[in-house]
Amino acid sequence: MSTEQIRMPQLGESVTEGTISKWLVSVGDKVNKYDPLAEVMTDKVNAEVPSSFAGVIKELIAEEGETLAVGEVICTIEMEDSGLQDPSAAVNSNSAVATSPESVPEAGQENKARYSPAVLKISQQHNIDLTKVTGTGAGGRITRKDLLKIIESGNIPTAAPKVDKVNETVSLAEVTEKAAPTVPRQQAAVSSPAAEQAAVPVAIGDIEIPVTGVRKAIAANMLRSKHEAPHAWTMIEVDATNLVEYRNGLKDEFKKKEGFNLTFFAFFVKAVAQALKEFPQINSMWAGDKIIQKKDINISIAVATEDALYVPVIKNADEKTIKGIAREISELAVRVRTGKLKSDDMQGGTFTVNNTGSFGSVQSMGIINYPQAAILQVESIVKRPVVMNNNMIAVRDMVNLCMSLDHRVLDGLVCGRFLQRVKEILENTSKSTTTIY
């Protein structure tokens, strides 16, 4: 008999961990190759983890609700030596897993000394001595959440300063500088889930609602975005009167002919895609020691369900017509709400447009969809009295566009010009200037 390990797969770019939302097998169950083993949730997608082997489930290492880094073992399968094992499958099952030499334990090494790539990266960024950290993961493993909690507290266990073997004199200033926490002690109003749970008393009549895997993944991604990206915010007001008149004159005939709705949101996405082509700096991502300016313009759109938020992607939006964008918006929304969204539908986004106006919002400040550099909130179109150029007052259809930006990547000047261009495109949308096909 031989035993094989199933590891947490990488279910999307920039995804470093996943949460076991539900086990589909139990210890002792016999499984075939490609049988689903568990449902996994990340901040980008829900997916089933298939078995790479045929055999019997020996051990479920991760518990339901537990979050593990990409590459960590989630279960083991016992196989017969008679040929059940597929050697190529062992390679393929982990082909997307990011590994590092430090993440693989030596023989006899305890679980708590096995560090995932995400844990190693954070510890290096914040000079955390992992030997002084107590892990809360399975088998005492140190998790990403453990490190984030330590960083928020400001009490960072740091490694002793390296002493020069030739001259062992180390000044007090050098020791202080090397040992100082990289995050201020009075950091942030956002506390970790564990800290919040400990601080909130539960009285008679209060309702405790368990946090789902999807909600945990959303929380982790939002926390990461707010911790790592210095958010700035700006807003511009757009007169959408001509756009409203044009769209309202087409919507009934369009729905009858095409079978799906011609929404205002499709016009906004198209205008943003066009402006991104003219201001490619906005279509960028922070990558530590460099900024990556993306060639493709892939617009992420936020689609909400009753208990979660998903961000599917309209690929190459600048090359699509308004009709094509409207079709994709409709199809992606249906996939989200029927649970048929695929992993590929969530990949490759370079800029996010959020239709906050759909529920009546007129001004909001979005959290950037990490690692993108900005997010645009399209607010509700409302009728308001406006002073025109001739000093007359008229009732116009007005909409606010609110933009959050990563100030490491973008400055106010380029964002202001980008929003002015989006405003210009929308205000000049009419029957005589714009075609939806």
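**Exercise 1. Work out whether K323 is buried, partly exposed or exposed, then do the same for its partner E258.**

Solution. K323 has 22% relative accessibility, so it counts as partly exposed. Keep in mind that this is a predicted model. Now for E258: at 17% relative accessibility, it counts as buried. The cut-off doing the work here is 20%, since buried means under 20% relative accessible area.

**Exercise 2. Find what joins K323 to E258, and say which helices are involved.**

Solution. Start with the contact: the two residues form a salt bridge, with the closest N and O atoms 3.4 Å apart. Next, place each partner: K323 sits in helix α9 (residues 322-337) and E258 in helix α7 (residues 241-258), so the pair ties together parts 65 residues apart in sequence. Finally, look for further links: E258, K323 and R327 are connected in a network of salt bridges.

**Exercise 3. Look at the salt bridges E331–R335 and E427–K423, and work out how each pair is spaced along its helix.**

Solution. Take E331 and R335 to begin with: their side chains meet at 3.8 Å, N to O. Both are in helix α9, four residues apart, or about one turn. On to E427 and K423, which meet at 2.9 Å, N to O. These two are also four residues apart, this time in helix α10 (residues 412-427), so about one helical turn separates them. As for exposure, E427 is partly exposed at 25% relative accessible area, and K423 is partly exposed at 24% relative accessibility.

Notes. Residues numbered from 1 in each chain as written. Predicted model: local features only at pLDDT ≥ 70, side-chain atom pairs only at ≥ 80, totals over all residues. Heavy atoms only, no water. Salt bridge = Lys/Arg side-chain N within 4 Å of Asp/Glu carboxyl O. Buried < 20%, exposed > 50% of the residue type's maximum accessible area, 1.4 Å probe, protein only.
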